[in-house]
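User: I would like to learn how to read a model feature by feature. Can you take me through one?

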Amino acid sequence: GLLRCGACGRMMSPKASTGRSKPYPYYSCTGAEKSKGLDCPFNYVPARALDNAVLGFIKELHLKPEQLAAIAKRAQEAASGTLLRLKSDLDQVRARIGNFSAQIQNLNSALAGGKLKPQSVLESITRLESDREELRTTETKLVGEIAAEESEAVGVAEATQALDLFH
């Protein structure tokens, strides 16, 4: 919640997309995300550029070492908290994928055993497979966000080292 959009004042949140071979971390305006760009025309800013701008601003403030340490600690805690939340979300999604797979397997077994009506089993399997695919899409997105957060954690560590140079 520290970063705000310059166009609308709403919070900027860390995101990631996958580039050619590695994740591309950036900050996205929550107003632009929620309204698909209707409420705010500002979409995103590359994380490295914004991080460098923040470091430059901090350098200009001539903060005391204890103030810099407190800022760095908050940044590390925020990055760590986001990473923990994303990993927890990923674990939950993977558990749900496993549950759907087990349900599909049970329905297939029941169908093969002639215990249930084929039409109702096929409808249930189709619905479960659709739900499982949606979860796999969410899983892929979370894996990308985790990679970006881990990249950001490295960026926070680098920023902390850079802040140490100011005192």
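The dialogue below goes from the overall fold to single side chains.

User: What should I know about the model and the numbering before starting?

Analyst: This is a predicted model, where local features need pLDDT of at least 70, side-chain atom pairs count only at pLDDT 80 or more, and totals for chains, interfaces and linings use all residues. Residues are numbered from 1 along each chain as its sequence is written, and side-chain values use heavy atoms, with hydrogens and water left out.

User: How many helices and strands does the protein have, and in what pattern along the sequence?

Analyst: Start with the definition. Helices (H or I, at least four residues) and strands (E, at least two) are DSSP runs, numbered from the N terminus. Here the protein has 4 helices and 3 strands. Along the sequence they follow β-β-α-β-α-α-α.

User: What span does H3 reach, and what span is expected?

Analyst: The expected span is 1.5 Å times one less than the number of residues in the helix. H3 has 48 residues and reaches 70 Å from first C-alpha to last, close to the 70 Å expected. Just after H3, Gly 114 takes a positive phi of about 70°.

User: What percentage of the residues count as buried?

Analyst: Use relative accessible area: buried is under 20%, exposed is over 50%, and partly exposed lies in between (1.4 Å probe, protein chains only). Of the 167 residues, 29% count as buried. For the total, accessible areas come from the Shrake-Rupley method with a 1.4 Å probe; for residues, only the protein chains shown count as cover. The accessible surface comes to about 11,000 Å², and 55% of that belongs to carbon and sulfur atoms.

User: What share of the contacts joins residues at least 24 apart?

Analyst: A contact means heavy atoms within 4.5 Å. Take the contacts between residues at least 6 apart in sequence: 52% of them join residues at least 24 apart. Two C-alpha pairs show separation along the chain beside distance in space. Leu 84 is in helix H3, and its C-alpha is 9.1 Å from that of Ile 146, 62 residues apart along the chain. Leu 84 counts as exposed at 58% relative accessibility. Ala 147 sits in helix H4. Its C-alpha is 9.5 Å from that of Ser 17, with their positions 130 residues apart in sequence. Ala 147 counts as partly exposed, at 28%.

User: How many salt bridges does the structure hold?

Analyst: Side chains of opposite charge can pair when their charged atoms come close. The test is a side-chain nitrogen of Lys or Arg within 4 Å of a carboxyl oxygen of Asp or Glu. The structure holds 3 salt bridges.

User: Which salt bridge links distant parts of the chain?

Analyst: Arg 94 and Glu 139 meet at 2.7 Å, N to O. Arg 94 is in helix H3 and Glu 139 in helix H4 (residues 118–164), 45 residues apart. Arg 94 is partly exposed, at 41% relative accessibility.

User: How are the partners placed in the salt bridges of Arg 85 with Asp 89 and Glu 133 with Arg 136?

Analyst: An α-helix has 3.6 residues a turn, so residues three or four places apart point the same way. Arg 85 and Asp 89 are bridged at 3.4 Å, N to O. They are 4 residues apart in helix H3 (residues 65–112), so about one helical turn separates them. Arg 85 is partly exposed at 46%, and Asp 89 is partly exposed at 27%. Glu 133 and Arg 136 are bridged at 3.0 Å, N to O. Being 3 residues apart in helix H4, they too are separated by about one helical turn. Glu 133 is partly exposed at 41%, as is Arg 136 at 32%.

User: How many aromatic pairs are there?

Analyst: Rings of Phe, Tyr and Trp (its six-membered ring) pair if their centres lie within 6.5 Å; planes under 30 degrees apart are stacked, over 60 edge-to-face, and the rest tilted. The search of the whole structure finds 1 pair. Tyr 24 and Tyr 26 are stacked, 6.1 Å centre to centre with 25° between the planes. Tyr 24 is partly exposed at 34%, whereas Tyr 26 is buried at 19%.

User: How many disulfides does the search find?

Analyst: A disulfide is a covalent bond between the sulfur atoms of two cysteines. The cut-off is a pair of cysteine sulfur atoms within 2.5 Å. The search finds 0.

User: Why does Cys 5 have no bond to Cys 40?

Analyst: The closest cysteine sulfur to that of Cys 5 is in Cys 40, 3.6 Å away, which is too far for a bond. Cys 40 is in no disulfide; its nearest cysteine sulfur, that of Cys 8, is 3.6 Å away. Cys 5 is buried at 5% relative accessibility, and Cys 40 is buried at 0%.
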